[in-house]
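This briefing is meant to be read alongside the sequence and the coordinates. It begins with a single helix and its surroundings, then turns to strand pairing and helix packing.

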Amino acid sequence: MSDIHVLDEQTAGQIAAGEVIERPAGVLKELLENAVDAGAGAINIDIEGAGRTLIRVNDNGRGMDAEDLKLSVLRHATSKISNFDDLSSLNTFGFRGEALYSVAAVSKMAITSCTEGGSGNRLEIHGGSVIAQSPAPALQGTTVEIRDLFYNVPARQKFLKSDSYERACLLKVIEESALANLNVGYHVRVNGRDVYHLPAQAGDFETAVRVRARQIIGEEVADGLVYKEFEALGLHLFISPADKLVRVRDLQYIFVNRRPIDSKTVQQAIYKAYQNARPPNYFPAFLVYMTLPPSSFDVNIHPQKRDVRFEDEHAVFGTILRYAGETIFSNGRPIQATVSAIAPSVDLPPAAQPAAEQIFAKPTPMETFAAASPVKEATAALFTAKEPADASALFAPPPTKLRDTEDPAEYVPATSETAPAQPATPALPQDNPPWYQGPYHYIGQLQRSYLLFENPLGLVIIDQHAAQERVLFEHYLDLFEKNEIQVQKLLFPIHVDLPPSNVESLLSWSDWLKTAGFELEPFAARTVLVKTMPNIMRFKEDDMKAFIVSLADVVGDPAKSTDTLKRKMIAMLACKRAIKAHDAITAPEAEALLENMKKCKDGMHCPHGRPVLAQLDIKAIGKLFGR
């Protein structure tokens, strides 16, 4: 007797649904694609119970007659292609004929449809089985109702996340569809509450995108995007200039022939275009629209058609990189780099003198200060990315034995007339961290961003923002872990506007955030109210709004551990409260900051992992001058 058998249709259908339909958002995506393919100019969407209870999509498209309605729910029944070769000229979103079949297998579905001038028909299917077929009102278009999703697959329900998270995913699908299909109007209700009313856009492409983007990603971000159009790739690019980056990374949309996609190729090309112009924890917002021949990319590599494979990934990367860079910096000022030519010694042979093109050629960031001279090797050791053989002499790692004087008051900083001899080096008290090599004498600020200290080894440079960020981070983390956070109630709650999908993400963590001092409530589809905050914050209203916007991006997925979220939130809080670059600081404040760094568990790195302190050895400085 054979062990191999053919699965029954119901089991096969439920398995197929698992490939195509991961969560309610996957159902909605398929229904919206069908509506757009049917030529709809207006789509009405109703969602209840985070999509588990109801997803209803009504459109005014071409509709189906009675025969097509029956065929539409059969597996691999489609009007989009006839054979495999048609994929190379595909101009529709759907093509496999699996969507309605798969959804019907795991829900209670009803479809009502009518063609122009025809009669209406209704079909009801439960768990993949047709249970009723009847006449319906003759209203052109199609309405699909999905109720009790996964009612017959309880194992699938267990893997769904909170209602807030699932609603956020549903709204994200709608936002992507609306940004892709500007000529379609969208009216969205969630649990009977209006969330989006997006009229169809006409007119020129740039204006239509900006109008819709303002409604979805917010006016400030949308109005700040720079726009350029390029013939290559049929590219229309809306992107943040280097001085208008945002603190969230989910305002990034990529469309190929109006299909929302995920593409590491495109995303990494855009990130690379910013090079060193993007500070840590700042991200570009962008909308990338490409129009390509269907044969130049493959959308059939994933059941959910989310990923695509370009025929020439390298060419796409290079083109996006080039044009994104051109767009990003088209309205910005060029970075000013100063190259100081060092006068050569009279004893230098002509070959050692730099040519004019070497002096004035555009330098890379790490080459800017490396001039051709007797001290070129030492200078390069200071500023080049490649670590020189004697790099340890320049930015010396903390020795195992620390050097200090018996009494810090006895240490006298060197003058220009005398070079200091190396002082005696008795070990520091045990309460000093290994990196501390004092005593330190405060010299001043460099560019009002870096604190300069002299110590027995040479020059110490401290990033003032990163240093205080670390101090505040450890202090706040200690308060949180000891449950010693004081909460202050706001006299007037602060209204924070966010994309509806971000509102849902934030509210999915509302219970935990309340324990951290933030009491949040929904106010409208795009607005949350902040009613309390930790007393340690003391933010102005605008700063508080910016913090909540950033927090909405951090919380993202409720599957994250509370410890991960706590550390990220406190790191953001410390960053907001810390002194910034270009802020003035007094000598006592600088010295107090150094003392507080000593008390940190990790005084050498900010919460984001960047270095806080650099030690420049006096011997390396001497080499710069040929000593």
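**Helix H9 and the overall picture**

Just after helix H9, Gln275 takes a positive phi of about 50 degrees. The model is a predicted one, and H9 itself, spanning residues 264–274, is mostly covered, with eight of its 11 residues buried. In the protein there are 20 helices and 22 strands, and buried residues make up 47% of its 627 residues.

**Surroundings of H9**

- The buried residues of this helix are Thr265, Val266, Gln267, Ala269, Ile270, Tyr271, Ala273 and Tyr274.
- These buried residues of H9 pack against four strands and a helix, namely strand E10 (235–239), strand E11 (252–256), strand E13 (286–290), strand E15 (309–310) and helix H10 (313–328).

**Protein-wide values**

- Of the contacts in the protein with a separation of 6 or more, 69% are accounted for by residues 24 or more positions apart.
- The protein has an accessible surface of about 32000 Å², and carbon and sulfur atoms contribute 53% of that surface.

**The hairpin of E7 and E8**

- Strand E7 (residues 185–190) pairs with strand E8 (residues 193–198) in the antiparallel sense, and five bridges connect the two strands.
- Within this pairing, Val188 has Tyr196 of E8 as its bridge partner.
- Two residues lie between the strands of the hairpin, where Asn191 takes a positive phi near 50 degrees.

**The four-stranded sheet and its helices**

- Four strands form an open sheet in the order E16-E17-E18-E22, and their pairing is antiparallel.
- The edges are occupied by strand E16 (441–446) and strand E22 (613–617), each of which pairs on one side only.
- On average, and with direction ignored, neighbouring strands of this sheet are turned by 25 degrees against each other.
- Strand E18 (residues 458–463) runs antiparallel to E22 and is joined to E22 by five bridges, and Ile462 stands opposite Leu613 in E22.
- Helix H14 (residues 464–481) packs on the sheet and touches E16, strand E17 (450–455) and E18, with the direction of H14 making about 65 degrees with that of E18.
- Helix H19 (residues 587–598) lies across E16, E17, E18 and E22, and runs at about 75 degrees to E17.

**Helix H6 and its two helical partners**

- Helix H6 (residues 163–180) packs with helix H15 (residues 500–507) at an angle of about 170 degrees, and their axes are 8 Å apart.
- Because angles over 145 degrees count as roughly antiparallel, H6 is described as roughly antiparallel to H15.
- H6 passes H15 in a left-handed crossing, and the contact is made on the H6 side by Ser164, Arg167, Ala168, Leu171, Lys172 and Glu175, and on the H15 side by Pro500, Ser501, Glu504, Ser505 and Leu507.
- H6 also packs with helix H7 (residues 205–216), here at an angle of about 165 degrees and with axes 9 Å apart, which means that H6 is roughly antiparallel to H7.
- The crossing of H6 and H7 is right-handed, and the contact is made by Glu175, Ala178 and Leu179 of H6 together with Arg212, Ala213 and Ile216 of H7.
- Glu175 of H6 is therefore listed both in the contact with H15 and in the contact with H7, whereas the crossing with H15 is left-handed and the crossing with H7 is right-handed.

Notes. Residues are numbered from 1 along each chain as its sequence is written. This is a predicted model: local features need pLDDT of at least 70, side-chain atom pairs count only at pLDDT 80 or more; totals for chains, interfaces and linings use all residues. Side-chain values use heavy atoms; hydrogens and water are left out. Buried means under 20% relative accessible area, exposed over 50%, partly exposed in between (1.4 Å probe, protein chains only). Contact means heavy atoms within 4.5 Å. Accessible areas come from the Shrake-Rupley method with a 1.4 Å probe; for residues, only the protein chains shown count as cover. Two strands pair if DSSP finds at least two bridges between them. Axes are lines fitted to C-alpha atoms, for helices over the stretch in contact, and angles run from 0 to 180 degrees between N-to-C directions. Angles under 35 degrees count as roughly parallel, over 145 as roughly antiparallel, 65 to 115 as roughly perpendicular and the rest as oblique. A crossing is left-handed if the near helix is turned anticlockwise from the far one by less than a right angle, and right-handed if clockwise.
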